Amino acid sequence: MKTILLPIRLSSNTLSLMRCAERMCSEMEASLLFLYIVPKQQYDNGTFAPNTEVHQRVVQEAKMILEQLSRKAITNGIRSRILVMDGSPADTILQVARQSRVSMVILEKSGHGEVADRLIKQASCPILSWNEESGEPEPASPSSLRSTPQLAVA
């Protein structure tokens, strides 16, 4: 079965992004893998280290939110699962994409500039960039769709 990876930043656009991913999953007969990445803060003095209460609370809250999103997807007929990991966004997305053999990654367009650039260069699957203004996915690079000819993106 095909899998779409949806890295979630828990922004005001999360529900719209999820609806876009659900449409893509329906069209591709794919499951949805929600991913939240707890990034290492550059200014962190140890407050967010994995063994701290603050970090554990962030992970717990992220899991609760992703579980709600997953249940909503399941209610809409989409198989889904969740994953919360520590790491840098680009490295973690690439690692999960490889290990889970995802068919596609959908990124929220705003806030993923450097991450998207790196994924375009290194990912082995298509990367779509979701535009909140149009509500539609766009190929993150022209080559993204070459490997997925059955996918029609407006």
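No disulfides are present in the structure, which is a predicted model. Cys25 is a convenient place to begin: this residue takes part in no disulfide, and the nearest cysteine sulfur, belonging to Cys20, lies 9.5 Å away. Because a disulfide requires two cysteine sulfur atoms within 2.5 Å, the distance of 9.5 Å between the sulfurs of Cys25 and Cys20 rules out that pairing. Cys25 is also buried, its relative accessible area being 1%. Cys125 likewise counts as buried, here at 12% relative accessibility.

Attention turns next to a pair of helices. Helix α1 spans residues 14-28 and helix α2 spans residues 53-75; their axes come within 11 Å and cross at roughly 35 degrees. The crossing of these two helices is right-handed. On the α1 side, the residues that meet α2 are Thr14, Leu15, Met18 and Glu22, and their counterparts in α2 are Leu69, Lys72 and Ala73. Sorted by character, the residues of this contact comprise four nonpolar, one polar and two charged.

Further along the chain, Leu119 belongs to helix α4, which covers residues 113-122. With a relative accessible area of 1%, Leu119 is buried. Once neighbours within four places in sequence are set aside, the residues in contact with Leu119 are Ala90, Ile93, Leu94, Leu107 and Ile127. For one of these, Leu94, the separation from Leu119 is 25 residues in sequence, while the C-alpha to C-alpha distance in space is 7.0 Å.

Notes: Residues are numbered from 1 along each chain as its sequence is written. This is a predicted model: local features need pLDDT of at least 70, side-chain atom pairs count only at pLDDT 80 or more; totals for chains, interfaces and linings use all residues. Side-chain values use heavy atoms; hydrogens and water are left out. Helices (H or I, at least four residues) and strands (E, at least two) are DSSP runs, numbered from the N terminus. Buried means under 20% relative accessible area, exposed over 50%, partly exposed in between (1.4 Å probe, protein chains only). Contact means heavy atoms within 4.5 Å. Axes are lines fitted to C-alpha atoms, for helices over the stretch in contact, and angles run from 0 to 180 degrees between N-to-C directions. A crossing is left-handed if the near helix is turned anticlockwise from the far one by less than a right angle, and right-handed if clockwise. Ala, Val, Leu, Ile, Met, Phe, Trp, Tyr, Cys and Pro count as nonpolar, Asp, Glu, Lys and Arg as charged, and the others, Gly among them, as polar.
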